[in-house]
Amino acid sequence: MTVTDASHPVARESRSAATSARRLRAFFAERAPARIYVVYAVLWVLALQGTLALLSPERDWKLGGSLVAEIATIYLALLFIRVVDEQKDLEYDRLHSPDRPLPRGAIDVRELRIAMALIVVAELALTGWRSPLLVGWLLLNLSYICLLVWLERWSATVRDRIFVNLLVSYPAQAMLSVHIWLSFREATGAGPGSHAVLGALLCAGVFMHYEFARKTGATVVPGATLYSNVVGLRASVALTVGCALTGMALVLGVIRPWELHGTATLAGWLPLTALGFLWGGAERFTSSNTPTWPPGPAMGYLAWLYLGVFVAALAVVRPGIGG
């Protein structure tokens, strides 16, 4: 049996690759935990495709391989965003969050870029067998995410003004919603542009509730990226609550539970119970128990509402299995 010398270049390269793999696993476990990112990807795709199915009930919506592939595609895209954000926010994190992986040296830029390349390869495999259009749109989306790094370095306005930054960065999320619509259209042959717009607006309202909530503080915190620092506490709370109510209104407008019958009626009203998370978050925040709007109830609102939309779609559309 031949024993490889540890000082041999091949051995050193193998050891380095193994070390990088461990560091990347630790990075994703810390900055993109599967229990959050996988659940978000699953619920986002199921809720939006459920919305599209409710808007096109005459089409043959199926729960099968294409749907699973789209969930994996969105999950990897979220990981890609996380990797890019870690690099984009490096200067800010060195001052305000030096304990994050990149500033503290637990990972380096080279390893993060390797992860980006591997994600792109996996994404091409997940979309290539379904549609060239899905491949092209996804590559456009990933390119835009990378462009954000350059935009923030080039423009202090984009980097430092939180609302401008939101306006510039949110299209990356919106483009993923469009990708989910394109996947639905490729699988069913349905879904006009108006359905895509309505579905994207619904997802935007729900996501923006979480976005404004987690960056709404009870007091002004100099240097912190809080919306309440810019527009004040009342306006920031109004945005947080307003986005939640807008998302809910769009959901109910799509499902129209008052027109359903039998067990479908109960499923149709299920998303409305997500307002309990909104109430709970507001109560905890106004009782001054937390310095910022608690992110747990905000994420709970998003997750429960998306789950409710999917359950309602199952009850109303009754999709098939396979495909």
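This passage describes the fold, the packing and a few local features of a predicted model.

The protein contains 15 helices and two strands. Its C-alpha atoms occupy a box of roughly 75 × 50 × 35 Å along the principal axes. The radius of gyration is 22 Å, which agrees with the value near 20 Å for a compact globule of 323 residues. Of these 323 residues, 47% count as buried. Contacts between parts of the chain that are distant in sequence are well represented: among contacts with a separation of 6 or more, 75% join residues 24 or more positions apart.

The interior is a good place to begin. In soluble globular proteins, nonpolar side chains tend to be buried together. Here the largest nonpolar core has 88 residues. Within this core, the residues with the most contacts are Phe28, Trp44, Ile74, Leu78 and Tyr306. Phe28 touches Pro33, Leu79, Val83 and Ala115, when residues up to four places away in sequence are not counted.

Two helices of 23 residues deserve a closer look. Helix 7 covers residues 132-154, and its end C-alpha atoms are 33 Å apart, which agrees with the 33 Å expected at 1.5 Å a residue. Its buried residues are Leu134, Val135, Leu138, Asn141, Leu142, Ile145, Leu148, Val149, Leu151 and Glu152. The cover over these buried residues includes helix 3 (65-88), helix 6 (109-128), helix 8 and helix 9 (162-188).

Helix 8 (residues 156-160) holds Val158. With a relative accessibility of 10%, Val158 counts as buried. Leaving aside residues up to four places away in sequence, Val158 touches Leu151, Glu152, Val164, Asn165 and Val168. Of these, Leu151 and Glu152 are among the buried residues of helix 7. Val168 lies ten residues from Val158 in sequence, and their C-alpha atoms are 7.4 Å apart in space.

Helix 12 (residues 233-255) reaches 33 Å from its first C-alpha to its last, close to the 33 Å expected at 1.5 Å a residue. Buried residues of helix 12 are Ser236, Thr240, Cys243, Ala244, Gly247, Met248, Val251, Leu252, Val254 and Ile255. They pack against helix 2 (34-55), helix 10 (193-214), helix 11 (227-231), helix 13 (263-269), helix 14 (275-286) and helix 15 (295-317). A view from helix 2 adds detail to this packing. Thr51 is found in helix 2 and counts as buried at 2% relative accessibility. Beyond residues up to four places away in sequence, Thr51 touches Gly199, Leu202, Val254 and Val309. Val254 is one of the buried residues of helix 12.

Helix 12 is followed by Arg256, which sits in the loop between helix 12 and helix 13. The phi of Arg256 is near 50°, a positive value in a residue other than glycine. This arginine is partly exposed, at 35% relative accessibility. Arg318 also has a positive phi, near 55°. Arg318 is placed in the loop between helix 15 and strand 2 (320-321), and counts as exposed at 63% relative accessibility.

Aromatic side chains form ten pairs in the model. In one of them, the rings of Phe285 and Trp293 have centres 5.6 Å apart and planes at 35°, so the pair is tilted. Both partners are buried: Phe285 has a relative accessible area of 6%, and Trp293 has a relative accessibility of 2%. Elsewhere, ring pairs link Phe163, Phe212 and Tyr227 into a cluster.

The cysteines complete the picture. A disulfide is a covalent bond between the sulfur atoms of two cysteines. The model has zero disulfides. For Cys203, the closest cysteine sulfur is that of Cys243, 13 Å away and therefore too far for a bond. The search from Cys243 leads back to Cys203, again at 13 Å. Both residues are buried, Cys203 with a relative accessible area of 3% and Cys243 at 14% relative accessibility. Cys243 is also one of the buried residues of helix 12.

Note on methods: Residues numbered from 1 in each chain as written. Predicted model: local features only at pLDDT ≥ 70, side-chain atom pairs only at ≥ 80, totals over all residues. Heavy atoms only, no water. Phe/Tyr/Trp six-rings, centres within 6.5 Å; stacked < 30°, edge-to-face > 60°. Buried < 20%, exposed > 50% of the residue type's maximum accessible area, 1.4 Å probe, protein only. Core = buried A, V, L, I, M, F, W, Y, C linked by side-chain atoms within 4.5 Å. Contact = heavy atoms within 4.5 Å. Helix = DSSP H or I, 4+ residues; strand = E, 2+ residues; numbered from the N terminus. Expected span 1.5 Å × (residues − 1). Disulfide = S-S within 2.5 Å. Rg over C-alpha atoms; globule rule 2.2 N^0.38 Å.
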